[in-house]
Amino acid sequence: NNLRTGTDGELITWDASGDPATVAVGTATHVLTSNGAGAAPTFQAAAGGGAWTLIDSEAASSSASITLTGLDTSVYDVFALVLSNIEPAEDGRFLALTLGDASGLDTGASDYSWHETNLPQNGTSQSGRNDEADSVIRCTEECGNATGEGIGGAIIYIFAKAGASSGTYTMVRGAYTMINGSGVGGGGELVAYRAASLALTQLNVAMN
């Protein structure tokens, strides 16, 4: 058979009898998708994935702490907490994180294990601290409250279904930048976990 005049945007294929056929014109932004052997391909909307979903956003505005809700581990395995421009009311305070479920925030005296490392920019040696049984997760070095001091920014990833083979650990990994109480810039890293099972629905951030 000879090809006939067609429509711009159509593609040539062959039907089950081996005769020429066309793939219908797709919609703008759609992609050509295989439907398997014996079936003509079609234009379809691109599969989802890779996009970020904003769950909650809050401004501190001199608040003692901020609680973010609406976390659903049946929908998401990983959450990203992004913070910026944090100025403590008092000098020498660090950022603390607690996690919670439908019953409330977990502040058990020994429910969190964390390790925080500070990397100053003035050439002094890095410092680190840890606690294997704490009531909060320490996320940063102590920062200052003078003009120009504070926590410039931090991003903390919460892996709600990671760690133990049973999937009960809630793992935390983060990084931050800051100016401390001596006016020295730097940053640091955090690793932490909550060892007991937790159906994560909320979290709280506050200066200690």
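Strands β13 and β14 (residues 185–194) run antiparallel to each other and are joined by 10 bridges. The model described here is predicted.

**Strands β12, β13, β14 and β9**

The connection between β13 and β14 is a hairpin with 5 residues between the strands. In that turn, Gly 183 has a positive phi of about 80°. Two bridge partners fix the register of the pair: Thr 170 is matched with Arg 194 of β14, and Ala 175 is matched with Glu 189 of β14.

β13 also pairs with strand β12 (residues 150–159), again in the antiparallel sense, over 9 bridges. Here Ile 158 stands opposite Val 172 of β13.

In a regular strand, side chains alternate between the two faces of the sheet. Strand β13, residues 170–179, has a covered face made of Thr 170, Val 172, Gly 174, Tyr 176 and Met 178. Its uncovered face holds Met 171, Arg 173, Ala 175, Thr 177 and Ile 179. Among the residues with bridge partners named above, Thr 170 and Val 172 belong to the covered face, and Ala 175 belongs to the uncovered one.

β14 has a further partner in strand β9 (residues 112–120), with which it pairs in the antiparallel sense over 9 bridges. Within this pairing, Glu 116 has Leu 190 of β14 as its bridge partner. Of the 10 residues of β14, 7 are buried, so the strand is largely enclosed by the rest of the structure.

**Strands β1 and β2**

Strand β1 (residues 11–14) pairs with β2 in the antiparallel sense over 4 bridges. Thr 13 has Ala 21 of β2 as its bridge partner. These strands form a hairpin with 5 residues between them, and Gly 18 in the turn has a positive phi of about 85°.

**Positive phi outside glycine**

Thr 29 is not a glycine, yet has a positive phi of about 80°. The residue lies in the loop between β2 (20–23) and β3 (31–33). Its relative accessible area is 73%, which is over the 50% cut-off, so Thr 29 counts as exposed.

Asn 85 is likewise not a glycine and has a positive phi of about 55°. Asn 85 is placed in strand β6. With a relative accessible area of 60%, Asn 85 is exposed.

**The largest pocket**

The volume of the largest pocket is about 1200 Å³. Its lining consists of 43 residues, and those nearest the centre are Leu 68, Leu 81, Val 82, Leu 83 and Val 205. Two or more lining residues come from each of β5 (65–69), β6 (78–86), β12 and β15 (202–207). The largest share is that of β6, with 9 residues. Sorted by class, the lining has 27 nonpolar, 10 polar and 6 charged residues.

**Aromatic rings**

A pair of aromatic rings is described by the distance of the centres and the angle of the planes. One aromatic pair is found in a search of the whole structure. The ring centres of Tyr 76 and Phe 79 are 6.2 Å apart and the planes stand at 75°; this angle is over 60 degrees, so the pair is edge-to-face. Tyr 76 is partly exposed at 29% relative accessible area, whereas Phe 79 counts as buried at 6%.

A charged side chain is placed at another ring: Arg 138 lies over the face of Phe 94, at 4.3 Å from the ring centre.

**Contacts across the sequence**

Two residue pairs relate positions separated along the chain.

| Residue pair | Separation in sequence | C-alpha to C-alpha distance |
|---|---|---|
| Ala 196 and Asp 111 | 85 residues | 7.3 Å |
| Ala 80 and Arg 173 | 93 residues | 9.6 Å |

Ala 196 is found in the loop between β14 and β15. The residue is partly exposed, with a relative accessible area of 39%. Ala 80 is found in strand β6 and is partly exposed as well, at 36% relative accessible area. Its partner in the table, Arg 173, is on the uncovered face of β13.

Conventions:
Residues are numbered from 1 along each chain as its sequence is written. This is a predicted model: local features need pLDDT of at least 70, side-chain atom pairs count only at pLDDT 80 or more; totals for chains, interfaces and linings use all residues. Side-chain values use heavy atoms; hydrogens and water are left out. Buried means under 20% relative accessible area, exposed over 50%, partly exposed in between (1.4 Å probe, protein chains only). Two strands pair if DSSP finds at least two bridges between them. On a 1 Å grid over the protein atoms alone, a cavity is a set of points where a 1.4 Å probe fits but cannot get out, and a pocket is an open set with protein on both sides within 12 Å along at least five of seven lines; lining residues have an atom within 4 Å of a point. Grid points are joined across faces, edges and corners, and a volume is the space filled by probe spheres set on the points. Ala, Val, Leu, Ile, Met, Phe, Trp, Tyr, Cys and Pro count as nonpolar, Asp, Glu, Lys and Arg as charged, and the others, Gly among them, as polar. Rings of Phe, Tyr and Trp (its six-membered ring) pair if their centres lie within 6.5 Å; planes under 30 degrees apart count as stacked, over 60 as edge-to-face and the rest as tilted. A charge sits over a ring if NZ of Lys or CZ of Arg is within 6 Å of the ring centre and within 35 degrees of the ring normal.
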